[in-house]
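Visitor: Please show me the model, and then explain the terms you apply to it.

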Amino acid sequence: MQKKELNHLAIILDGNGRWAQERNMPRIKGHYEGGRRVKDIAIAASNLGIKRMTVYAFSTENWSRPDDEVNFIFKLPKIFLDKYLNDLMKHQIRVEYIGDISYIPEGAKKSINDSMIKTNENIGMTLCFALNYGSQDEIVKATKKIVQQVEDGSLNIEAINKEIFAANLMDNTPVDLLIRTSGEQRISNFLLWQIAYSEIYFTDVMWPDFDEKQLALAIEEYKRRDRRFGGLSNAK
């Protein structure tokens with residue numbers, strides 16, 4: 001049986017809007033509560049020794065949502081950092097982002113850049129926000145970068161392999177465990193290359209209710225699984 005290290009945890013933060021609607025609240029309230037939960041789970045994951053946690057905060061497809069909801073989501077980076085940056089600093093959590101931030105509002109962009117600068121020297125877990133991110137877009141951009149390297153003579157086409165392709169992605173860290181909350185069972189264009197051999201855990205619990213106990217249940221299930229990576233099972 002393969003060693004059950006859990007270095008990279010990825011989470012699709014689903015169910016914020018529905019959580020709020022079930023409580024007769026505006027959908028944006030669910031996103032606000034979801035931000036608080038990101039902080040709680042990031043600290044819990046850090047305490048468990050997880051090295052990287054990537055959360056799907058806003059996809060390239062989310063622009064189709066109502067304008068007021070999109071506008072509030074892009075206020076969340078500042079809200080999140082104003083409230084929780086000190087907590088992240090105490091736990092030496094480093095903040096990163098992947099995705100195309102060129103299209104997002106300037107205020108959100110400034111908060112993103114400020115958070116990366118302020119946490120850059122932290123030596124603990126990396127908390128990575130996928131913001132205006134889509135995996136197909138990431139793969140297309142990586143392909144264009146490789147083509148350009150071939151055209152300018154810095155890369156021989158025969159040298160292209162999985163490692164070189166991965167090195168041109170926004171993040172090339174393989175995912176060990178992918179969690180999706182709220183009962184949906186799909187990947188939704190998230191880290192398609194990186195989850196090639198990840199374990200996937202679906203739960204009916206909506207993201208604002210996903211607490212440390214729920215994280216422990218997911219990790220317990222992960223540890224029970226036999227990670228074969230395409231080979232045969234060694235489990236007895």
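Guide: Gln21 lies in helix α1. Helices (DSSP runs of H or I, at least four residues) and strands (runs of E, at least two) are numbered from the N terminus. This is a predicted model, in which local features need pLDDT of at least 70 and side-chain atom pairs count only at pLDDT 80 or more, while totals for chains, interfaces and linings use all residues. Residues are numbered from 1 along each chain as its sequence is written, and side-chain values use heavy atoms, with hydrogens and water left out.

Visitor: Why is Gln21 called partly exposed?

Guide: Buried means under 20% relative accessible area and exposed means over 50%, with partly exposed in between (1.4 Å probe, protein chains only). Gln21 has 44%, so it is partly exposed. The C-alpha atoms of Gln21 and Asp152 are separated by 53 Å, and the two residues are 131 apart along the chain.

Visitor: What makes β1 largely enclosed?

Guide: Five of the five residues of β1 are buried, so the rest of the structure largely encloses this strand. In a regular strand, side chains alternate between the two faces of the sheet. Both faces of β1 are covered, with buried His8, Ala10 and Ile12 on one side and buried Leu9 and Ile11 on the other.

Visitor: How do you know that β1 and β2 pair?

Guide: Two strands pair if DSSP finds at least two bridges between them. Strand β1 (residues 8-12) and β2 have five bridges, in the parallel sense, and therefore meet the criterion. His8 stands opposite Arg52 in β2, and Ile12 stands opposite Tyr56 in β2.

Visitor: Which strand pairs with β1 over four bridges?

Guide: That is strand β5 (residues 177-180), again parallel. Leu9 faces Leu177 of β5 as its opposite residue. β2 also pairs with β4, in the parallel sense over seven bridges, and Val55 stands opposite Phe129 in β4. Seven of the eight residues of β2 are buried, and β2 is thus mostly covered.

Visitor: What makes the space next to these strands a pocket?

Guide: On a 1 Å grid over the protein atoms alone, a cavity is a set of points where a 1.4 Å probe fits but cannot get out, whereas a pocket is an open set with protein on both sides within 12 Å along at least five of seven lines. Lining residues have an atom within 4 Å of a point. Points are joined across faces, edges and corners, and the volume is the space filled by probe spheres set on them. The largest pocket holds about 750 Å³. Its lining has 37 residues, and Leu13, Tyr56, Ala57, Phe58 and Asn62 lie nearest the centre. Two or more lining residues come from each of α1 (16-21), α2 (27-47), β2 (52-59), α4 (76-90) and β4 (126-133).

Visitor: How many residues of each class are in the lining of the largest pocket?

Guide: Ala, Val, Leu, Ile, Met, Phe, Trp, Tyr, Cys and Pro count as nonpolar, Asp, Glu, Lys and Arg as charged, and the others, including Gly, as polar. On that basis the lining has 18 nonpolar, 10 polar and nine charged residues.

Visitor: How do you know that the length of α8 agrees with its residue count?

Guide: The expected span of a helix is 1.5 Å times one less than its number of residues. For the 13 residues of helix α8 (residues 212-224) this gives 18 Å, and the end C-alpha atoms are 19 Å apart, which agrees. Its buried residues are Gln214, Leu215, Ala218, Ile219 and Tyr222. They fall within an arc of 135° seen down the axis, so they line one face of α8. The arc is that of the directions from the helix axis to the C-beta atoms. The face of α8 turned away from its buried side carries exposed Lys213, Lys223 and Arg224.

Visitor: Why is Asn189 called buried, and Gln92 partly exposed?

Guide: Asn189 has a relative accessible area of 12% and is therefore buried. Gln92 is at 32%, so it counts as partly exposed. Most residues other than glycine have a negative phi. Gln92 has a positive phi of about 60° and lies in the loop between α4 and β3 (94-98). Asn189 has a positive phi of about 65° and sits in the loop between β5 and β6 (199-202).
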